[in-house]
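Reader: I should like to learn how to read the features of a structure such as this one. May we begin with the pairing of charged side chains?

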Amino acid sequence: MHIRIAPEEVLGLARIAKQAPPVISSVVGDGDVIRVVADLRRLETLPGPLKLAVKIAPIVRADVQLASFERGVATLSVEVNAAGLPAHRLLSLAAAPIEQEVAKQGLPPGVVDVQPDARIAVDVERLLEAKVPGITVSSAKVEGGQIVLEASVA
């Protein structure tokens, strides 16, 4: 099956299903980039260095690009700025809060891996198996501001 959906529609569906991370304020597609706005004050626990950063710049904006999709894992390249300053180098500090949010959503550990090079690996195959068993995504891309998937149902 061929699925083409706008990122904001994905967020809307996740909110309806009560699966949306509360930290995400908005998401929109723009060409091959997904633009995300997050309010870090909505995170319940933060590591010390991030607590100070959140007091200074609680709203962050991220440009996310799909760098690759291989063997069911989407690797995302993330460029983050807070208060107009580049902050993607601090992304690794957010690994623990991200893992806690993933666990709250009932997803298996390790389904989201924050990597040190401002990349995030999302195991789409394991994520879908946990939430929608029987669906396999064979390809993924972002084009024209939309997420485009080729998937099959077992």
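Author: A salt bridge is a side-chain nitrogen of Lys or Arg within 4 Å of a carboxyl oxygen of Asp or Glu. Side chains of opposite charge can pair when their charged atoms come close. Here Arg 35 forms such a bridge with Asp 30, the closest N and O atoms being 2.8 Å apart. This is a predicted model, in which local features need pLDDT of at least 70 and side-chain atom pairs count only at pLDDT 80 or more, while totals for chains, interfaces and linings use all residues. Residues are numbered from 1 along each chain as its sequence is written, and side-chain values use heavy atoms, with hydrogens and water left out.

Reader: Are Arg 35 and Asp 30 buried or exposed?

Author: Buried means under 20% relative accessible area, exposed over 50%, and partly exposed in between (1.4 Å probe, protein chains only). Arg 35 is partly exposed, with a relative accessible area of 31%, and Asp 30 is partly exposed at 40%.

Reader: How many salt bridges are there by this rule?

Author: The count comes to 7. One of them joins the side chains of Glu 143 and Arg 4, at 2.6 Å from N to O. Helices (H or I, at least four residues) and strands (E, at least two) are DSSP runs, numbered from the N terminus. Glu 143 lies in strand β9 and Arg 4 in strand β1, so this pair ties together parts that are 139 residues apart in sequence. Glu 143 is partly exposed at 30% relative accessible area, and Arg 4 is partly exposed at 40%.

Reader: Which residue does Asp 39 meet in a salt bridge?

Author: The side chain of Asp 39 meets that of Arg 41, at 2.9 Å from N to O. Arg 41 is exposed, with a relative accessible area of 53%, whereas Asp 39 counts as buried at 9%. Salt bridges that share partners also join Arg 4, Lys 141 and Glu 143 into one network.

Reader: Where does Asp 39 lie, and what does Asp 39 contact?

Author: Asp 39 is placed in strand β3, residues 33-39. Contact means heavy atoms within 4.5 Å. Leaving aside neighbours within four places in sequence, Asp 39 is in contact with Val 23, Ser 25, Pro 58 and Ile 59.

Reader: How should I read the order of strands in a sheet?

Author: Strands of a sheet pair through backbone hydrogen bonds, either parallel or antiparallel. Two strands pair if DSSP finds at least two bridges between them. In this model, an open sheet of 3 strands has the order β1-β10-β9, with antiparallel pairing. β1 (2-5) and β9 (135-143) stand at the edges with a single partner strand each, so one side of each is left without a neighbour in the sheet. On average, neighbouring strands of this sheet are turned by 20° against each other, direction ignored. Axes are lines fitted to C-alpha atoms, for helices over the stretch in contact, and angles run from 0 to 180 degrees between N-to-C directions. Between β1 and β10 (residues 146-153) there are 4 bridges, and His 2 stands opposite Glu 150. Helix α1 (residues 7-16) packs on the sheet, where α1 touches β1 and β10 and makes about 95° with the direction of β1.

Reader: Which strands pair with β5?

Author: β4 (residues 59-70) pairs with β5 (residues 73-82) in the antiparallel sense over 10 bridges, with Val 64 opposite Val 78. Strand β8 (residues 119-123) runs antiparallel to β5 and is joined to β5 by 5 bridges. Strand β6 (residues 85-86) pairs with β5 over 2 bridges, also antiparallel.

Reader: What is the phi of Arg 71 in the hairpin of β4 and β5?

Author: That hairpin has 2 residues between the strands, and Arg 71 takes a positive phi near 50°, although Arg 71 is not a glycine. Arg 71 is exposed at 76% relative accessible area. Ala 118, in the loop between β7 and β8, has a positive phi near 60° but counts as buried at 10%.

Reader: How is a helix with buried residues to be read?

Author: An α-helix has 3.6 residues a turn, so residues three or four places apart point the same way. In helix α3 (residues 95-104) the buried residues are Ala 95, Pro 97, Glu 101 and Val 102. They cover an arc of only 165° around the axis, which puts them on the same side of α3; the arc is that of the directions from the helix axis to the C-beta atoms. What covers these buried residues includes β7 (112-115).
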